[in-house]
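Reader: I should like a close look at a single part of this structure, namely one sheet and what lies against it. Please set the account out as one connected description.

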Amino acid sequence: MDAHSIGRILFAPSFWERVCVAYTSIIHWKLTGEMLRLVLRKLAAIVVVLLGLTILVFSLSHATGDPRYLYMTQYTRTTSEAWEAQGKAMGLDKPLVVQYVIWVGNALRGDFGNSVYYQRNSLDMILEALPATIQLSGISFLFAIALGMPLGVLSAVKRSTFWDYAGRSFALLGQSVPPFWIAIVLVLIFSVQLHWLPTSRRGDWTHYVLPIVTLGWLPAAGLLRLTRSSMLEVLDSEYVKLAKVKGVGSLSIVWKHAFRNALIAPLTFAMILLAGFMTGTVVVETVFAWPGIGRLAVNAALNTDFPLVTGLALIFGIVFLAASLVADIVYGILDPRIRYE
Amino acid sequence: MSELTGRVNFTRLLAFIVAAALSLSLACASQAEPETEAPAVTAPAPVAPAAAAPTTAPASAPAPAPSKQPEGELVVGVPLLHPLVQLQEKDANGTVGGPGTDFQVFEGIFRAQFTEPGIIPSQEEFEPEIAESWEIASDFNSATLNIRKGIAWHGDWGELKAEDVVFTYNNSFKTGSVSNAGEQLSPGHRAGWEVIDEYTAKMNVKPGEFSPTWGTLHGGLGWDSTFGMTCKHCFEELGESDFISTPIGTGPFVANKWIGNDELEGEALTDHWRITPNIKTLRIYEMPEDATREAALRTKEVDITQISVKKIAGIVDDTGGTAVPMGLPNPNTIYFSGNYWAKTCPECDEEDLLKMPRPGFLPDEDHPWIGDPFADGCDYDAMFSSVPPPDESVCPEMEGPRKVRWAMSMAIDRQAIVDNVMDGFSDVAYTAMHTQFPPGSENFQAEWTVPFDPATAKQYLADAGYPDGFSVVFWATESVPNTWDPELADAVAEMWREHLNLDVTVDKSPYASRRPETVTKEMDVPWLHGWGMPPGGTKAPFFCPTPGHLGGAELPAVVCDVNYQNDVEPNEQKRIENSIYFQNYMAYWHINAAVATVKSFWVHLPEVTEWHPYWGSSFNNPATVVVDK
């Protein structure tokens, strides 16, 4: 951090403004040096991956044969005249490379074409379904972190005790039982038998409980195991031993010294998880009749709604890449060694 | 140092991420019910009572007491709620004439008479709806319909007039149209409608092609959907993109919300011209999973829902509810695709199919069920001149595959499937025309029966040159389980493996993924399909040359021509005879093999004290529902 930044912090008019300036200065400082290079490297990689993704999606439209088939409905009547006209309208008479460039150009403008099934703009459909999925996956993400990380710490600190076995059993179940089965069993117990919670659909807070548990259990299990192993590694390190020898309290050792450093891996993993939540809601949204992009994707696939599938594939890809970029930046901030690789 | 660097920002970073995620979730949570809502809709002005219906003895569905005001709500769980596509030319799923009229948001020109569940309504007399009367011209080249006055569009969109009716039909006939209802009309009836005056519309028919069963589709007796009336000037004012998703009907329920694949919310009109619903609010929820619908019924989150046959007995016992069989059962039928035997396709550009055979016509060792009537030694014309064909007219290239198809059919224990897979809620079926000619009925022919005889089936296979079986892909989609049962297909596949030593791969791809093959005639594998249809109809369009969707086989003109006569034959008995003639060919050559029926059952809770559904397999006629919660 340079002298100019320090001066702005010191002479800011109020306490909170000083805090804000300090925060942004730190971020700025981080980004001006090696962090900036790291971000640029990652952005370049994302561009390449995105290019690959578009080529892949475009190729898939031709892999199944004539792309016109993808736009057929049950009541399409194929006279050769209509067939040719459709081909021309889709630009199939042009060289493949030109078709690709046109397609990418449209996609960059958010124009994936009208959904064959819905007869509406595909991007509009995706944006309408997105809030329901963000809502569900956002809360499930918090649920997974709130459950997985503390249980991971508990499991590590209370190693080989009842708490450890309980935590690991929780993780084992979460990682081995398929979500659709969890969903159905939860509905059977908490809705049909106990009448505590509704079976499905979006509504008040009670409607969120079962989908969140179903969606969050598996990632919570992953976070638990990762946090546990990281904590075990850190708790075994020299500086923790030194702290113990110096008589530092156990709570302080666990939360102040060990937990912060053990969190590097789980936290970056959590960023990727967030993307997974966004794109992995297919089963949960279907079972719980949740009107998000997971169900939209299922319906699009079942109806071979190619424009919509294309839009969803690219949006999913972008979400994943954005999440991985954030994860890389977070990792870079947390662990400076990454920046020099 | 790395630890220190990490510590400096760790708390802020963690707090920031959690706060951001929380804010995001809360922000999104506050946006409940986004999606496309219909514009504000006001109830139409009171209209004069409708004139009496001109049909003879129209049996209307019992209506609730007119003095009672609508109250309470009805919640219905459906497996699928199509997004509204309120424009015929683009409405491939028939959303206006299907769920739109079923849920009484839209109305048709007339509809089938009310019958108790399981009883097929008349195909000749109908209940007036939008049209208060109609008259068929003496030359059968047109019909004139008198549109009822005073029918209001939902919202402030004014009165329905003849131009709206004409717009609805003509739009479905446009070039490139994928209209579900339009496709189901017999060709002669796609000649175009015209406005005679404000309240009179004329349906033109190609000379000599007037269909005696023309009312079947309009009355809601077709396969999928009928025509629901749409508003011409609304389309012009809103523009195509807004009009498509903005429900503007004339039915007793105003759709305040129609979100595809999610929910429909209807509000009862208190002064509808035809009926005042008993319930005030209608909620239709899409619940794709059968298990979810079952759970929702058990917890009383829904009042009525569709349940697969295997669960009915348990649910009825546990809830005290009632199971209602709806519409005609679908005879699940295996189509032995690839038998494209027609020489010409008059409706297609490529008329000469000998020069340009269908891509799926592959009579080779990999497709033992596909016969080749054009092979040397086959007398094509003589072979199809009668059933059974004259001696010497049939070549080995036809007889071998015929035996293969019969073998595959005879290896199926239909009764075991009905008893075990369908839990007894099904019937053994032998023909794709099961609903017209069920076994034991007057017109059912003994030779259509297919015995379960694995030994003979094995012998047939050996005769055809496949004593050790062969490999086959059997496409049985999982995407519409209440129409074509995937477990039934699994059972069939297992019987083929056990009795015929076939190497069967069951392909459960979604229907839409392989559907294009039926249009391009590339379909060359056995697949599960079949649907019920009322007596007197014709299956010919599905097995005769067409540029559109096809059942994977094309019969010769001599067979198709007879059955096509049903499109114009006024005598019902003659139409039935034509269908028998057609079925004789289908049975002898065994182009398809029916297995068992799949019925559509809807279960309602005891709190639903009254419901009088019209004929049809989907939930309908909510206006008659009385809920006592």
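**A helix across a sheet**

Author: In this predicted model, helix H3 of chain B (residues 162-172) lies across three strands of chain B, namely E5, E6 and E7 (200-204). Relative to E6(B), helix H3(B) runs at about 175 degrees.

The sheet in question is open and is formed by 4 strands of chain B, in the order E4-E5-E7-E6, with antiparallel pairing. Strand E4 (131-136) and strand E6 (193-197) of chain B stand at its edges. Each of these two has a single partner strand, so one side of each is left without a neighbour in the sheet. On average, neighbouring strands of the sheet are turned by 25 degrees against each other, direction ignored.

As to how such strands are held, the pairing in a sheet is made through backbone hydrogen bonds, and may be parallel or antiparallel. At the E4 edge, strand E4(B) is joined by 5 bridges to strand E5 of chain B (residues 142-147), and the two run antiparallel. One residue pair illustrates this contact: B:Ala131 has B:Ile147, in E5(B), as its bridge partner.

Taken together, strand E5(B) is bridged to E4(B) and is also among the strands that helix H3(B) lies across. Strand E6(B), likewise crossed by that helix, stands at an edge of the sheet.

Conventions: Residues are numbered from 1 along each chain as its sequence is written. Chains are lettered from A and ligands numbered from 1 in the order in which they are written. This is a predicted model: local features need pLDDT of at least 70, side-chain atom pairs count only at pLDDT 80 or more; totals for chains, interfaces and linings use all residues. Two strands pair if DSSP finds at least two bridges between them. Axes are lines fitted to C-alpha atoms, for helices over the stretch in contact, and angles run from 0 to 180 degrees between N-to-C directions. Two residues are in contact if their C-beta atoms, placed from the backbone, lie within 7 Å.
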